[in-house]
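This report describes a predicted model. It covers the nonpolar cores and then a strand arrangement.

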Amino acid sequence: MCPIGALWGQSGWSGHPLPCALACGMAFSPPRHKLSCAFSPGGTTSLPHRNPSYFHLHLVSDSTGETLTTVAHAAAAQYANISPIEHVYPLIRTQRQLDRVLGEIEEAPGIVLYTLLDEELIERLEKKCQELSLPCRSILGPVLRVFQSYLGATTTPRVGAQHTLNAEYFKRIDALNYTMLHDDGQHIEDLEQADVVLVGVSRTSKTPTSIYLANRGVKTGNYPLVPGVPVPPQIEALTKPLVVGLFASPERIVQIRQNRLLGLKAHHNEAAYVDRQSVAEEINFSRKLCARHNWPLIDVSRRSIEETAAAVLQLLSERRRSPSL
């Protein structure tokens with residue numbers, strides 16, 4: 001197996017020569033045939049083989065494609081044993097650009113999803129997919145129809161309207177700048193200006209969660225709790241920001257730390273860094289600290305960054321709604 005194929009094997013690709021070949025740049029020509037898809041009245045589509053291990057997923061957008069990929073990933077995640085080979089086409093706004101897309105769809109038939117506003121591009125894309133008997137769906141279309149029906153007004157097509165340089169956009173940039181400057185315990189004297197401050201022991205995903213929150217416009221700082229290092233009074237005296245403690249099970253922390261040291265091919269000076277009993281004491285200290293200050297705690301043992309951030313945002317929303325806080 002190729003090196004990348006070995007890596008992808010962790011995600012369920014192992015044993016499938018097609019993804020491996022694509023990943024390593026090997027020459028591979030997908031079969032030139034039309035998929036015979038049976039469309040049922042309910043809108044479902046049957047693939048020509050019952051238990052495929054992978055499928056081609058074509059995502060066509062006239063903007064960045066973020067909305068499209070997010071929806072596609074959410075849907076594909078429901079199929080644990082079938083992996084998508086993604087073909088992403090952002091900024092498709094002309095017939096010439098669409099020519100390349102149609103050629104690739106014909107070369108590697110599969111599901112086609114799009115977020116396009118130009119009616120001529122939509123008509124041509126859907127017509128081609130119909131000729132190839134491929135499922136082709138608009139992601140925004142049904143939602144826009146709901147808006148139009150409820151609001152009783154027609155849309156004003158604006159490609160990439162959600163990415164305009166408005167006040168909300170600059171708020172996000174400001175939050176990102178603040179968060180990068182206040183990562184990992186930096187500039188704690190200025191943390192009172194934050195919206196959220198995350199505290200926790202090493203390897204509780206404080207930094208990636210902070211960056212995710214910043215991308216949502218939330219000014220976020222984070223402070224690492226280190227064994228033997230007193231917590232600065234500036235942290236314990238915070239009043240304006242929502243301070244949230246992140247923790248995980250000792251087993252999870254030890255596993256992550258061991259993998260990190262292995263990946264860096266380094267050895268931490270302190271054996272306690274990966275000692276379960278020492279890690280358990282670290283976590284116990286962090287939980288007592290949060291309890292003493294009435295800071296909410298979030299267990300990140302089995303949470304993704306997105307899930308942790310969503311929990312923080314919910315806490316922040318509740319805090320802002322409460323007049324007593």
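## Main nonpolar core

The largest nonpolar core in this predicted model contains 35 residues, and V196, V199 and I235 have the most contacts inside it. At least two residues of this core come from each of β7, β9, α10 (250–264), α11 (276–293) and α12 (305–321). The highest contribution is that of β9, which gives 5 residues.

In soluble globular proteins, nonpolar side chains tend to be buried together. Once neighbours within four places in sequence are left aside, the contacts of I235 are I188, L191, V199, Y223 and W295. V199 is thus one of the contacts of I235, and both belong to the residues with the most contacts inside the core.

## Second core

Another core, of 17 residues, lies apart from the largest one. Its members include L98, V101, Y114 and I122.

## Sheet and packed helix

An open sheet is built from 4 strands with parallel pairing, in the order β8-β7-β9-β10. β8 (220–224) and β10 (297–299) are the edge strands, each pairing on one side only. From one strand to the next, the twist averages 25°.

Inside the sheet, β7 (residues 196–200) and β9 (residues 242–247) run parallel and are joined by 5 bridges. Opposite V196 stands L242 in β9; V196 is also among the residues with the most contacts inside the largest core.

Helix α8 (residues 206–214) packs on the sheet, where it touches β7, β8 and β9. The direction of α8 makes about 170° with that of β8.

How values were computed. Residues are numbered from 1 along each chain as its sequence is written. This is a predicted model: local features need pLDDT of at least 70, side-chain atom pairs count only at pLDDT 80 or more; totals for chains, interfaces and linings use all residues. Side-chain values use heavy atoms; hydrogens and water are left out. Two strands pair if DSSP finds at least two bridges between them. Axes are lines fitted to C-alpha atoms, for helices over the stretch in contact, and angles run from 0 to 180 degrees between N-to-C directions. Contact means heavy atoms within 4.5 Å. A nonpolar core is a set of buried Ala, Val, Leu, Ile, Met, Phe, Trp, Tyr and Cys residues joined through side-chain atoms within 4.5 Å. Buried means under 20% relative accessible area, exposed over 50%, partly exposed in between (1.4 Å probe, protein chains only).
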